[in-house]
Amino acid sequence: MLAPGSTIGILGGGQLGRMLAMSAAQLGYRCHIYAPEGDNVAADVAARYTCAPWHDGDALAAFARDCDVITYEFENVPVGPLAGLPQDKLAPGIRALEVAQDRVREKRFMLEAGGTPADFVAVDHDSELADAVERIGVPGILKTRRDGYDGKGQWPINDRADAQGVRIPETGCVYEARLTFECEFSVILVRGRDGEVRFWDSTRNLHKDGILAHCELPAPAIVAEQSARARDMARKVADALGYVGVLTLEFFATSRGPVFNEMAPRVHNSGHWTIEGAVTSQFENHIRAICGLPLGDTASVSRTMVMDNLIGADALDLAGHLSDGRAHVHLYGKSEARTGRKMGHVTRIG
Ligand code: ADP
Ligand code: MG
């Protein structure tokens with residue numbers, strides 16, 4: 001168990017790191033943020049901040065010496081430079097990052113764990129796309145294997161002609177079937193150092209323009225019906241990785257049962273509601289898990305809850321959001337309310 005007053009290192013400087021650091025502070029820990037140049041809003045609420053590139057081995061080594069445990073708020077931290085750090089300080093371990101950074105690896109990993117992803121084919125060269133479209137059929141989605149987020153790096157393929165002349169980026173793509181689904185949900189779990197696993201309730205997740213917009217409880221009946229099977233898949237993945245901390249898996253609820261979409265080796269936007277809506281939030285339980293503390297209760301405090309993201313200019317009307325005295329308003333302190341940027345969120349309980 002890590003004693004209060006110890007230092008938790010967080011790789012990445014965005015809002016997830018900010019909310020992790022706030023939970024860490026509540027339990028008496030200090031946080032050290034490591035992130036490259038950028039709007040690193042986590043640093044505003046942390047004890048220490050190293051601003052350096054991911055590939056700066058000296059800066060990373062100095063950061064690691066200052067930290068008692070190191071975690072991530074961003075899953076695309078390059079794995080190469082992390083290999084030189086003391087691995088026993090990293091939670092979760094880098095294998096979880098390696099799998100989650102590559103859409104093909106995460107789908108194969110899920111297949112090996114006995115789960116169900118959408119039908120897919122890896123497309124690493126221009127010449128492979130036509131064959132992939134032939135095998136999987138249309139409509140489908142071509143996605144970059146790496147670095148996609150908020151719907152970026154995705155191209156719909158509605159008929160075979162859409163695939164003509166497409167240039168596959170160097171790091172490759174995956175072509176997958178476009179599913180019709182009743183709704184989307186995620187399974188968020190926390191796994192402790194002793195292997196204990198706890199789950200939060202699954203919300204219904206609604207996306208707009210590829211970006212999560214809204215989560216709600218209770219989720220439709222189909223989510224309740226399918227979440228047991230989805231949890232089973234998620235637990236198998238967490239156990240196989242020897243995972244420590246919060247892990248999120250996104251699913252589609254389809255007529256054929258839950259279909260795995262993607263995983264994030266970290267706290268997740270679809271779990272922000274747990275700050276006020278669950279006995280213990282995803283942020284606090286992540287800190288508890290990586291520090292070797294007993295996990296907190298993940299039960300919801302109410303049957304009904306809505307969480308709305310504040311995207312771009314939505315965030316500018318703070319007084320308007322606060323005019324509902326029961327709304328829990330969170331702003332992330334980002335400097336520019338650019339279109340499509342996650343600026344904050346609002347949670348309403350009950
Ligand atoms: P990101 O990393 O950008 O979150 P996702 O793979 O989760 O990428 O895709 C973003 C959204 O696009 C999903 O939440 C879903 O709404 C839609 N989507 C992605 N893949 C599929 C699919 N195979 N079938 C139908 N919709 C999809
Ligand atoms: Mg997603």
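Two residues are in contact if their C-beta atoms, placed from the backbone, lie within 7 Å. The exercises below concern a predicted model.

**Exercise 1.** Leaving aside neighbours within four places in sequence, determine which residues are in contact with Leu-20, and place Leu-20 in the nonpolar core.

*Solution.*
Step 1. With those sequence neighbours set aside, the contacts of Leu-20 are Ile-10, Glu-73, Val-267, Phe-283, His-286 and Ile-287.
Step 2. The largest nonpolar core has 79 residues, and Leu-20 is listed with Ala-234, Val-237 and Phe-251 as having the most contacts inside it.
Step 3. Helix H7 (residues 221–241) gives the most to this core, namely seven residues.
Step 4. Domain 1 (7–90) and domain 3 (183–349) each supply at least three residues to this core.
Step 5. A second core, separate from this one, has twelve residues, including Val-104, Phe-120, Val-123 and Cys-173.

**Exercise 2.** Describe helix H1 (residues 15–26): how far does it reach, and how many of its residues are buried?

*Solution.*
Step 1. From its first C-alpha to its last, H1 reaches 17 Å, close to the 16 Å expected at 1.5 Å a residue.
Step 2. A residue is buried if 20 or more other C-beta atoms lie within 10 Å of its own. By this criterion nine of the twelve residues of H1 are buried, and the helix is mostly covered.
Step 3. Among the buried residues are Leu-16, Met-19, Leu-20 and Ala-24.
Step 4. The buried residues of H1 pack against strands E1 (7–11), E2 (30–35) and E17 (342–349), and against helix H9 (282–290).
Step 5. Just after H1, Gly-28 has a positive phi of about 90°.

**Exercise 3.** Locate the cis peptide bonds that precede Pro-92 and Pro-139.

*Solution.*
Step 1. The bond from Ala-91 to Pro-92 is cis, with omega near -5°. Pro-92 lies in the loop between helix H3 (79–82) and helix H4 (94–100).
Step 2. The bond from Val-138 to Pro-139 is cis, with omega near -5°. Pro-139 lies in the loop between helix H6 (129–136) and strand E6 (140–144).

**Exercise 4.** Asp-147 has a positive phi, and Asp-209 also has one. Explain why Asp-147 counts as partly exposed and why Asp-209 counts as exposed.

*Solution.*
Step 1. Phi is near 70° at Asp-147, and about 55° at Asp-209.
Step 2. Asp-147 is in the loop between E6 and strand E7 (154–157), while Asp-209 is in the loop between strand E11 (204–208) and strand E12 (211–217).
Step 3. A residue is exposed if it has 12 or fewer such neighbours within 10 Å, and buried at 20 or more. Asp-147 counts as partly exposed because it has 13 C-beta neighbours inside 10 Å. Asp-209 counts as exposed because it has 10.

Notes:
Residues are numbered from 1 along each chain as its sequence is written. Chains are lettered from A and ligands numbered from 1 in the order in which they are written. This is a predicted model: local features need pLDDT of at least 70, side-chain atom pairs count only at pLDDT 80 or more; totals for chains, interfaces and linings use all residues. A nonpolar core is a set of buried Ala, Val, Leu, Ile, Met, Phe, Trp, Tyr and Cys residues joined through C-beta atoms within 7 Å. Helices (H or I, at least four residues) and strands (E, at least two) are DSSP runs, numbered from the N terminus. Domain bounds come from an automatic or database domain assignment. The expected span of a helix is 1.5 Å times one less than its number of residues.
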